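Welcome, and thanks for taking a look at this one. Please open the sequence and the model side by side, and we will walk through a few places together.

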Amino acid sequence: MATERGYDTVLVVDFGAQYAQLIARRVREAHVYSEIVPRTMPVAEMLAKEPKAIIFSGGPSSVYAEGAPTIDPAIYDAGVPILGICYGGQLMARDLGGEVRHTGSGEYGRTALTVEVGAATTLFSDLPAEQETWMSHGDSIVAAPPGFHVTATTPGTPAAAFEHPERSLYGVQFHPEVKHSPFGQDLLKHFLYTGAGCRPTWTNTSIIEQQVEAIRAQVGDAHVICGLSGGVDSAVAAALVHKAIGDQLTCVFVDTGLLRQNEATQVEETFRAQFHIDLVHVKAADRFLGALEGVTEPEAKRKIIGELFIRTFEEAARDLHDAKFLVQGTLYPDIVESGGGENAVIKSHHNVGGLPDDMEFELVEPLRQLFKDEVRAVGEELGLPEDIVWRQPFPGPGLAVRIIGEITPERVQILQDADAVVIEEIKRAGLYREIWQSFAVLPAVRTVGVMGDDRTYAYPLIVRAVTSDDAMTADWARIPYDVLERIASRVINEVPGINRVAYDITSKPPGTIEWE
Ligand code: XMP
């Protein structure tokens with residue numbers, strides 16, 4: 001059903017694989033709005049969302065395993081086009097009278113797929129007859145349900161794709177959502193546009209328009225506060241809210257003195273000078289460094305910073321026009337990971353930007369439908385500078401957890417200067433976006449060195465750079481030696497107080513990304 005929202009909705013039914021979010025992102029990349037729903041959601045509730053199409057995700061189990069996830073078969077007769085992927089495809093095959101069997105020869109990894117010659121196919125229209133796909137399954141679909149055409153096969157799966165164009169039901173054994181299936185995105189588009197008639201209207205512009213309207217409807221003429229951290233989420237959220245309600249918005253930026261070099265200046269320049277947003281810039285470095293004096297224990301640092309942040313934010317917010325709303329940069333994965341649904345409890349981040357518990361605000365969450373890549377695209381569209389939109393993640397307690405041992409103004413300065421060199425060289429090498437986080441750590445030991453004719457006794461600097469998808473696991477980045485070499489020589493020459501550079505080659509686990 002086309003909705004008056006201006007965009008169509010695709011539901012991704014989550015059968016418990018880690019792939020549901022990826023499928024949802026791929027659908028969004030095809031400019032169609034998608035939402036993940038648990039497979040236990042009653043079909044009537046799914047249909048109430050007026051989906052234009054439904055996709056069943058993969059899942060970890062065999063359809064014959066005890067307790068294997070199922071779905072109310074009423075869904076097949078709802079008149080909504082469905083694509084079943086991997087487990088979802090097997091489920092559809094089994095539910096509709098096809099055959100899924102444990103053949104003893106599963107397929108894992110790259111698998112050659114052959115499109116059936118002469119088959120009437122929506123999914124593979126115009127795609128190569130021989131193509132590589134990515135498989136991960138033990139059971140195989142050996143026979144498509146009655147009325148379906150088999151449109152592709154692989155050595156281990158006689159019905160690797162099957163289609164019923166009249167009923168708009170489609171199933172595939174492989175994973176079109178992963179990059180290792182090079183034509184997977186084309187297949188998804190064929191399903192979405194041709195199989196289901198979805199319109200590619202979910203674009204940055206439509207996201208912005210829709211959010212602007214929603215924000216206006218939610219807040220009316222009330223005053224709204226937004227805490228800025230310097231990171232991409234709060235920045236994009238603020239820019240969106242400002243577009244919607246202009247000077248009803250006040251941003252509060254607590255400068256703890258523990259930010260990266262130039263971060264505070266950039267927040268000021270962007271939000272005050274470029275966007276003309278009413279910005280309260282609380283310069284609280286002395287307060288934070290004072291409270292941290294002599295503190296060396298990592299958790300103690302976090303606790304002090306967290307509490308002081310909330311107190312400082314509260315003080316700044318107290319005299320702000322009786323604001324009723326507070327902007328939060330909650331993203332869609334936070335919602336999904338905390339159980340999904342409209343009223344899901346948001347994962348409580350151990351974030352310094354976290355909410356004061358006893359402040360009574362209603363939340364405005366303009367990013368709660370968006371994935372991170374969409375947030376970045378919207379940020380660019382709104383005119384935020386690249387440095388903010390593409391900034392690597394940064395821990396709430398800031399440099400405090402990268403200065404091992406005592407935090408003093410001098411040591412903060414050393415780390416900011418050295419960190420700026422690391423970032424600059426990583427950017428210069430064109431690695432900044434592909435690396436998850438790259439930064440410097442200042443330990444509490446000193447080592448001997450020699451510069452000119454003089455013996456030095458100064459801090460070593462530890463360079464940390466990791467690749468990751470979600471910070472849960474990470475690998476040390478294979479930075480080219482010449483980039484490491486440039487970082488080392490520049491840091492030692494340009495940053496007084498450092499006489500040695502080491503590169504951390506620990507993955508996570510067993511290490512963590514941060515040093516404290
Ligand atoms: P670890 O060091 O646990 O970090 O591997 C995982 C991710 O979380 C960030 N991090 C924090 N973020 N408050 C935050 O808001 C914190 O106390 C904190 N500690 C770590 C870290 O930068 C990485 O992205």
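Where is the place of Pro509? Pro509 sits in the segment after strand 21 (498-503). Bear in mind as you look that this is a predicted model.

**A pair of cis bonds**

That segment after strand 21 also holds Pro510, and the backbone here deserves a slow look. The peptide bond from Lys508 to Pro509 is cis, with omega near -15°. A cis peptide bond also joins Pro509 and Pro510, where omega is about 10°. As background, most peptide bonds are trans.

**Around the ligand**

Lys508 comes up again once you turn to the ligand. Which residues come nearest to the ligand, of the 13 around it? They are Arg302, Gln437, Lys508, Ile513 and Glu514. By class, the shell is made up of 5 nonpolar, 5 polar and 3 charged residues.

Three contacts to oxygen atoms of the ligand can be set out together:

| Residue | Protein atom | Distance to a ligand oxygen atom |
|---|---|---|
| Arg302 | polar side-chain atom | 2.6 Å |
| Gly396 | backbone N or O atom | 3.0 Å |
| Glu514 | polar side-chain atom | 2.5 Å |

On its own, the ligand has 490 Å² of accessible area, and the protein covers 84% of it.

Now zoom out to the domains. The assignment for the protein chain gives domain 1 (9-195), domain 2 (204-389) and domain 3 (402-503). Why does the ligand lie between domain 2 and domain 3? Both domain 2 (204-389) and domain 3 (402-503) give residues to the shell around the ligand, so the ligand lies between them. As for domain 1, its C-alpha centre and that of domain 3 are 47 Å apart.

**Gln437 up close**

Gln437, one of the residues that come nearest to the ligand, belongs to strand 17 (residues 437-441). Is Gln437 buried or exposed? Its relative accessibility is 6%, and because buried means under 20%, Gln437 counts as buried. The side chain of Gln437 also reaches the backbone oxygen of Pro393, at 3.0 Å.

**Two positive phi values**

Next, try the backbone angles in two loops. Most residues other than glycine have a negative phi, which makes a pair of positive values worth a visit. Phi of Asp126 is near 70°, and phi of Ala471 is near 75°; each is a positive value in a residue other than glycine.

Where do these residues lie? Asp126 is in the loop between strand 6 (107-115) and strand 7 (130-137), while Ala471 is in the loop between strand 19 (454-467) and strand 20 (475-476). Their surroundings can be told apart by accessibility. Asp126 has a relative accessibility of 76% and counts as exposed, because exposed means over 50%. Ala471, with a relative accessible area of 22%, is partly exposed.

**Cysteines**

Finally, how many disulfides does a search of the whole structure find? The search finds 0. For reference, a disulfide is a covalent bond between the sulfur atoms of two cysteines. Two cysteines can still be picked out by their accessibility: Cys86 is buried, with a relative accessible area of 4%, and Cys198 is likewise counted as buried at 4% relative accessibility.

Note on methods
Residues numbered from 1 in each chain as written. Predicted model: local features only at pLDDT ≥ 70, side-chain atom pairs only at ≥ 80, totals over all residues. Heavy atoms only, no water. Disulfide = S-S within 2.5 Å. Buried < 20%, exposed > 50% of the residue type's maximum accessible area, 1.4 Å probe, protein only. Near = heavy atom within 4 Å. Polar contact = N/O pair within 3.5 Å; in protein donor to acceptor, adjacent residues only side chain to side chain. Areas by Shrake-Rupley, 256 points an atom, 1.4 Å probe, with all protein chains shown as cover. Nonpolar A, V, L, I, M, F, W, Y, C, P; charged D, E, K, R; others polar. Domains from an automatic or database assignment. Helix = DSSP H or I, 4+ residues; strand = E, 2+ residues; numbered from the N terminus.
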